[in-house]
Structure formats: structure tokens, C-alpha cells
Amino acid sequence: MAGGAFVDAPSGKSYEGGITAFVIFTCAVAAMGGLIFGYDIGISGGVTSMEPFLRKFFPSVYKKMKKAGSGNEYCKFDSQLLTLFTSSLYIAALVASFFASIVTRRFGRKMSMFIGGLVFLFGSILNGAAVNIEMLIIGRLLLGVGVGFGNQAVPVYLSEMAPAKFRGALNIGFQMAVTIGILVANLINYGTARIKGGWGWRLSLGLAAVPAILMTIGSLFLPDTPNSILERGHTEKAKQMLRKIRGTDNVDEEFQDLFDASEAAKKVDHPWKNIVQPRYRPQLVISVLIPFFQQLTGINVINFYAPVLFKTLGFGDNASLMSAVITGTINVLATFVSIFTVDKFGRRILFLEGGIQMIISQAAIGAMIAIYFGVDGDGNLSKVQADILLFLICTYVAAFAWSWGPLGWLVPSEICPLEIRSAGQAINVSVNMLFTFVIAQVFLTMLCHMKFGLFFFFAGFVITMTIFISFFLPETKNVNIEEMIRVWKAHWFWGKYIPDDAVIGKHERSN
């Protein structure tokens, strides 16, 4: 067993053709789906730190925040209703992802993107015009449906359009769009918080319509992937699309593999029953644990509640929003590291380095908060101390942005064969949304009760997930999606679940 966990997977075939301007364009448009997700993540934390918004919808939180000498800084934003505003979106996304998997399989990836963008547009309009908490929550639920459909379709679309040797970089375009969405939201919050008259929060929420419009209109002009076209029985059209995206007429070998995979997939009437079979155990486990671990890194504590967290730790109103802008900028820049290295050095090294860096950063953040705020939460930070804390948080954000952030979406989207791909991605999205909901709903309460220990709590999970990656995730760089079965068969642990005929049959078809 020792060392068996670290054997490189076979690289599989190398097809003719490469990356084309057409593929780059279509992937850039499709990645707009990440903008709606990122914008929402970034906007909610800033809005919930704005006094006019709190005064209108969450007066009890506003009074607690303004109460002089309230003592415990950890608990001043603790409100289940306030966290429901943030978290309600993700429970809606969870439910929507199951319906989206059906739409994605039967009508194509671009249809799911179109529906997601349209519903998100309606939700953003409702939120911007909200006059009561009910209207606000309904709008958030609609946003969740949009996110569920977008997150189901976009990563799969990007993985299917990209050549194997560039799949990592192009797929990470989704995460890049997420980080840009977060940064833009932070910048907008910083600007709208200064608007006199107390209506800046409406502009913040309403501007979510912009990425929604981009995604909705963009999806109308996108082609479907060859895999999706084949899945719906249009053989010649699929081959023509493959020629177009590869930039060569010599696509017979790759097309034959896609065709064989499609024919195998058509024999599967119930992908949900199929994915629980032992032969798909690696894909099922990875599709569940990767998104679960991604949320237990604690990153959405920063993404959702950065302004609230910074305000809790003694940063002023504008300082807390500006600190969120700084972390958002680091998030975008660090994602470029992943884009330029994921297909060169592989997924595992980024996972492992990022995990170690997050562990160190979280432990240092927890220790610093423990020293200066203690258990009772009564304390403050000098400017130098605040700068050091912000640096540690940026170090943590950077590590996530080039590891678990993009790879948490990339790896599950590239490991499933066509016959279970829609089910696998639905599981990935739903688990991600479920635990995003849980973290968003309980974080402020956990901060109130666990105090600085919360950061050690998340660091403990990062240790666990880093060990898991080290032993149980094989390298998948430069492996064609339809050849991925060989990777699992070669793995020291997962190989026993893969029947010999699954690999032999694929080898015979390829010859």
C-alpha cells in the first residue's frame, strides 16, 4: 500500500487537434455562469453589514450591533433570520440541481444555462425591489434555482468542450468567473455603502441582474457539446461540432470513443441507480467528498461574511468593506496560479500544497484572535495587528483559490463516464449546496459559541481532507474523460472496484 497511493495514472490517448479560438470563446461565455454564483456570494456579506439594510429587515440585529458596551464581539451579529437571508439560496440550489440534471441530460447543457440565467434574473429584480423579509427570501430562493441550474451545467460543459491537455485550465474558467463575481460584488458594496439616503443595498442586490442577463443571452449563442449532441442521437451533427472545436478534420478516433461512450450511456435508463453500483464507487465517493470537504475548508466564512467578520474583529465600516475587496482581489489573482499550473503540475500537488498552507494560516488566525479577544470576545486590534490578521486571511484565501476552489469543481466534473455524468454532477452540486447552506446558516451562531476555536475547527477538517487527497485521489491531468476508467483501475485502492472487462472492453473498442 505504501507508495501505491502515489502512482501516476496512465495518461491515456492523445487525439489530434488542439485548442481553438472558437473553444476559448465558447468556454469564456459559458463561464459567465460562475459570475452569478460569485456575485451572489460576495454581495450578501456586504449587504448584511450595511446599517440601512439591517435597520429595515433585521432591526434586532441592528440594535444589538449599535448597543454600546455590549461586550462579546463574537455574538453581535448572531441571528438565525439574518443567516437565513444568506443560506436560503443554497437550499433552493440543492433542490434545483436534481431537476437540472434531468434538463441537462435530455435537452443539453446550454438549456440548463439559459433556465438558470433567466430565473436568477427574476430573483435579482425581486431582491432589488424588496419591501419586506418575505419578498427578500423569495427572491433569494429564485436566485438559488438559477445557481443550481448554472452550477450543474457549466463545469460539465467546459470539461466536454476542452481538449484533455487544456481541460483543467479551461474548466477553471468557471472558478475564475466566480472569483471575479465576488470581487465585483465587494467593490460594488464598497461604493453603494457610501450612497446617502440608505438605498445603496437595493443597487447592490439589483445589479445581480447584469451577470444574469450575460448568462441568459450568452447561452442562446452557445453551441452544445459533441457529447450532449450524441447523447440526444444526432451523430453527424456531433461529429461536425467535434471537428469545429478541435480545429481539424481528423477526429475519427476521438469521435469513435465519444460514440462508444454514448452508446453505452443509452443502455442506462436510470443513471441514479447506476452510480451506486460498485464499479462506479470511486466516482460516487469523490463526487460526495470533494464538495463536502470544499465547504468544510471554511472558505465561505470569508466569502459570505467577510465584512461582518472584519467588523466583528474591530475594523470600521469602510475598513471592513475594503478588507473584503482586498481578499477578493487576492482570490482572483491566486486563481490565475491554478489556471497556469493545473495542467502542467497536476491536480494533486495543488490540493496538497493548498491544504498545508490553509492549515497553517487558519491556526495562526485562530491563535491571534484568541490572544487579542480571548473567550469573552472583549478586545480590539491595533492597526498593525489588524494588518497582520488581514495578511493571514489573504494567505488562507490564496491557498484556497489555487487548490480547493477551482479543483473542487474541476475534478468531479471530469471523472464520470457519460452514462452517470448527469447524476454525478447533480450529486456534486447538491452536496456542495447542502453544506454551503449549513455553513451559511450556522456560522454566526458557531462564531458566537465556539469563538476563536471555530478557526481551529476548520483547520482540523483541512488536515483530514489533505490526508484523503494524498491517499485516495489519483492524478487526472491530461487524461481524456472517456479514458478516465483506466486511472481508477490503476489506483491502489479503487482498482478493486473496477471490473477487468470495463478496461478491456474500452481498449478493444479503441483498437
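Me: How much area does the protein chain expose, and what share of it do carbon and sulfur atoms supply?

Reply: The model shown here is predicted. In this model the protein chain exposes about 18400 Å², and carbon and sulfur atoms supply 67% of that area.

Me: What does the secondary structure of the protein chain come to?

Reply: One counts the helices and the strands. Here the count is 24 helices and 0 strands.

Me: What percentage of the residues in the protein chain is buried?

Reply: A residue is called buried when its relative accessible area is under 20%. Of the 511 residues in the protein chain, 63% meet this description.

Me: Which residues of helix α1 are buried, and on which side of the helix are they?

Reply: Helix α1 spans residues 21-30, and its buried residues are Val23, Thr26, Cys27, Val29 and Ala30. They lie on the same side of α1 because they cover an arc of only 160° around the axis. On the other side of α1, Ala21 and Phe25 are exposed.

Me: Against which helices do the buried residues of α1 pack?

Reply: Their partners are α2 (32-47), α6 (109-128), α7 (133-161), α8 (167-192), α10 (209-221) and α12 (235-246).

Me: One of these partners is α10. Is Ser219, which is found in that helix, buried or exposed?

Reply: Ser219 has a relative accessible area of 2%, and it is therefore buried. Leaving aside residues up to four places away in sequence, Ser219 touches Lys110, Met113 and Phe114.

Me: How should I read a nonpolar core, and how many residues has the largest one here?

Reply: The general idea is that nonpolar side chains tend to be buried together in soluble globular proteins. In this structure the largest nonpolar core has 139 residues. Those with the most contacts inside that core are Phe37, Phe53, Phe58, Trp404 and Met433.

Me: Which residues does Phe58 touch?

Reply: Phe58 touches Phe53, Leu81, Leu82, Phe85 and Ile133, when residues up to four places away in sequence are not counted.

Me: What share of the contacts joins residues at least 24 apart in sequence?

Reply: Here one considers contacts between residues at least 6 apart in sequence; 81% of them join residues at least 24 apart.

Me: Which residues make a nonpolar patch on the surface?

Reply: Ile91, Leu141, Leu434 and Val438 make a nonpolar surface patch of about 250 Å². Val438 lies in helix α21, which covers residues 418-450. The relative accessible area of Val438 is 32%, so this residue is classed as partly exposed.

Methods. Residues are numbered from 1 along each chain as its sequence is written. This is a predicted model: local features need pLDDT of at least 70, side-chain atom pairs count only at pLDDT 80 or more; totals for chains, interfaces and linings use all residues. Side-chain values use heavy atoms; hydrogens and water are left out. Buried means under 20% relative accessible area, exposed over 50%, partly exposed in between (1.4 Å probe, protein chains only). Helices (H or I, at least four residues) and strands (E, at least two) are DSSP runs, numbered from the N terminus. The arc is that of the directions from the helix axis to the C-beta atoms. Contact means heavy atoms within 4.5 Å. A nonpolar core is a set of buried Ala, Val, Leu, Ile, Met, Phe, Trp, Tyr and Cys residues joined through side-chain atoms within 4.5 Å. Patches are made of residues with over 30% relative accessible area and no salt bridge: like charges are joined within 9 Å, nonpolar side chains (Val, Leu, Ile, Met, Phe, Trp, Tyr) within 5 Å. Accessible areas come from the Shrake-Rupley method with a 1.4 Å probe; for residues, only the protein chains shown count as cover. A salt bridge is a side-chain nitrogen of Lys or Arg within 4 Å of a carboxyl oxygen of Asp or Glu.
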